[in-house]
Amino acid sequence: MQEAKLLHSRIIVSGLHQHDIYLRQIITALTTNPNPFSLLHARHLFDKIPQPSTYIYNTMFRAYASSPHPHQALALYHHMHLHGPLPDNYTFPFLLKACSSLGDLRTGEIVHGQAFKHGFGHDIFVQNSLINLYGSSCGVKMARRVFDEMGFRDVATWTSLVTCYANGRSIESARHVFDRMPKRSVVSYSAMITGYVRRNWFKDGVLLFRDMLVAKMEPNDSTIMSVLCACANLGDLNLGKWVHSYISERKKNQFDGRISTALIDMYFKCGSIKKALKVFEGAKEKHVGEWTAMLSGLAMHGLGTELIEAFEEMISSGVKPNGVTFVALFSGCTHSGLVNEGMRYFDRMTIDFGIEPTVVHFGCVVDLLGRAGFIEQAVSFIRDMPVEANAAIWGAILTSCRVYKNVEVGELAARWLISAEPWNGALYMVLLGLYRDAGRWDDVEKVKEEMKKVGCRKSPGCSSIEVNGICREFVVGDKSHPLTFEACLTLANVIAEFEDRRFFPNLI
DNA sequence: GTAGGGTTAG
């Protein structure tokens, strides 16, 4: 970018504005790691070239394909088609990528036809791009057909197919393809690990990460992000720390912003507040991502007051919050019982920061009111919302009704949820608990019968944490541990202590 | 002559 500006000023000074070679250099500089401004600038210069070469068209296609406006690539191709030079083998993969980003299968097929017409139908880059296009817009079947018909496949071909399966429903099929790859690259491992983590198969993701290290593959940023996400969800602090020191050595503590964010999140979720704070403090630049990870970490540990302080510090340091930041802020207020503060921030979100609330934010407010026991207010808030309430919102209402034993509203929420998800056994269990607490035994029996009729079961809740290097897993109702009795006794004492202090958590 | 496809938060 700096280089581009320098070149541009040199041209203006020396009056060489029409000089094709300089323009080409500037456009190339502006389109590598483009931002919206540099891309606009590049296009402005591109339009000044009387007869752009195929190369320079390709440069623009490449930049547009991975920009927020991929359709610009297609519009520009239309122009090239009418007035410009002939496309080459580089042209079509960029255009197909633009179609994938847009999920535009029809245009993708037209581009494919064009590639064929110009003699690049069997180009491996074109075919690989086609697999990605089909995989992202119409499922695995078509992608598989392209794959099967290819005479020659390389590692990217196989990786693309793995990604198709991983993004589709079948992570097992993705692994099946992965295991049959003649050769694997870092990206292949990364794609498979990311696939596992996206499907919440965290343990499999971690196992494959270990295989990857054994295979002497050096994980890249994408791999690291996925593994940190797995550590966070497994509570595997040991592996998380290992990954932290691994990347510290390699990158000399100069992390990508996204990696610092993932580290902060991992340490918070693994219960290590100190380490999370240390990473945050050590981050070279604190973008909205790092701040948001920080705020949601404080929220999940019930540190509402600290969270509000941190939020105000973020604002005074000139970082602009986004929609996700407010979700963290509201959730912190909710879990620390800071109802007035939360409501005030809800107003400020639109007035002071110009962020329009989405259904997620409305859900946060419902949760904020509900958990504090203001169930009637929460219900009237739902009534006044400009958007339709969703399952998350009725779920929040149901949870608070369970805690505050409000059968009337709880029944309403549960019925709404059950009609949306009749297979979800957990919903019936909550409704059953509500009736039981109210002593409505007839209704308890009715719910039990209903469950039998629908044939649903609640899958047991599960959690895990790493202690002294060993990952422990907990499943609801599991009494297999030899010290189960002692553990229950301790828990009973804790609950008794809570009750003595007039604090009634919902531990049922 | 120059370049390309597969992984990428909160």
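**Exercise 1.** How many salt bridges does the count come to by this rule, which takes a side-chain nitrogen of Lys or Arg within 4 Å of a carboxyl oxygen of Asp or Glu?

*Solution.* The count comes to 16 salt bridges. This is a predicted model, in which local features need pLDDT of at least 70 and side-chain atom pairs count only at pLDDT 80 or more, while totals for chains, interfaces and linings use all residues. Residues are numbered from 1 along each chain as its sequence is written, and side-chain values use heavy atoms, with hydrogens and water left out.

**Exercise 2.** Follow the salt bridges of arginine 348 and classify the accessibility of each residue in them.

*Solution.* Begin with glutamate 312, whose side chain meets that of arginine 348 in a salt bridge (3.4 Å, N to O). This pair links distant parts of the chain, since glutamate 312 lies in helix α19 (residues 304-316) and arginine 348 in helix α21 (residues 339-351), 36 residues apart; helices are DSSP runs of H or I with at least four residues. Next, the side chain of arginine 348 also meets that of aspartate 352 in a salt bridge (2.7 Å, N to O). Finally, apply the classes of relative accessible area (buried under 20%, exposed over 50%, partly exposed in between, with a 1.4 Å probe and protein chains only): glutamate 312 is partly exposed at 29%, arginine 348 is partly exposed at 23%, and aspartate 352 is partly exposed at 45%.

**Exercise 3.** Is aspartate 367 buried or partly exposed?

*Solution.* Aspartate 367 counts as buried because its relative accessibility is 15%, whereas its salt-bridge partner arginine 371 is partly exposed at 37%.

Conventions:
Chains are lettered from A and ligands numbered from 1 in the order in which they are written. Helices (H or I, at least four residues) and strands (E, at least two) are DSSP runs, numbered from the N terminus.
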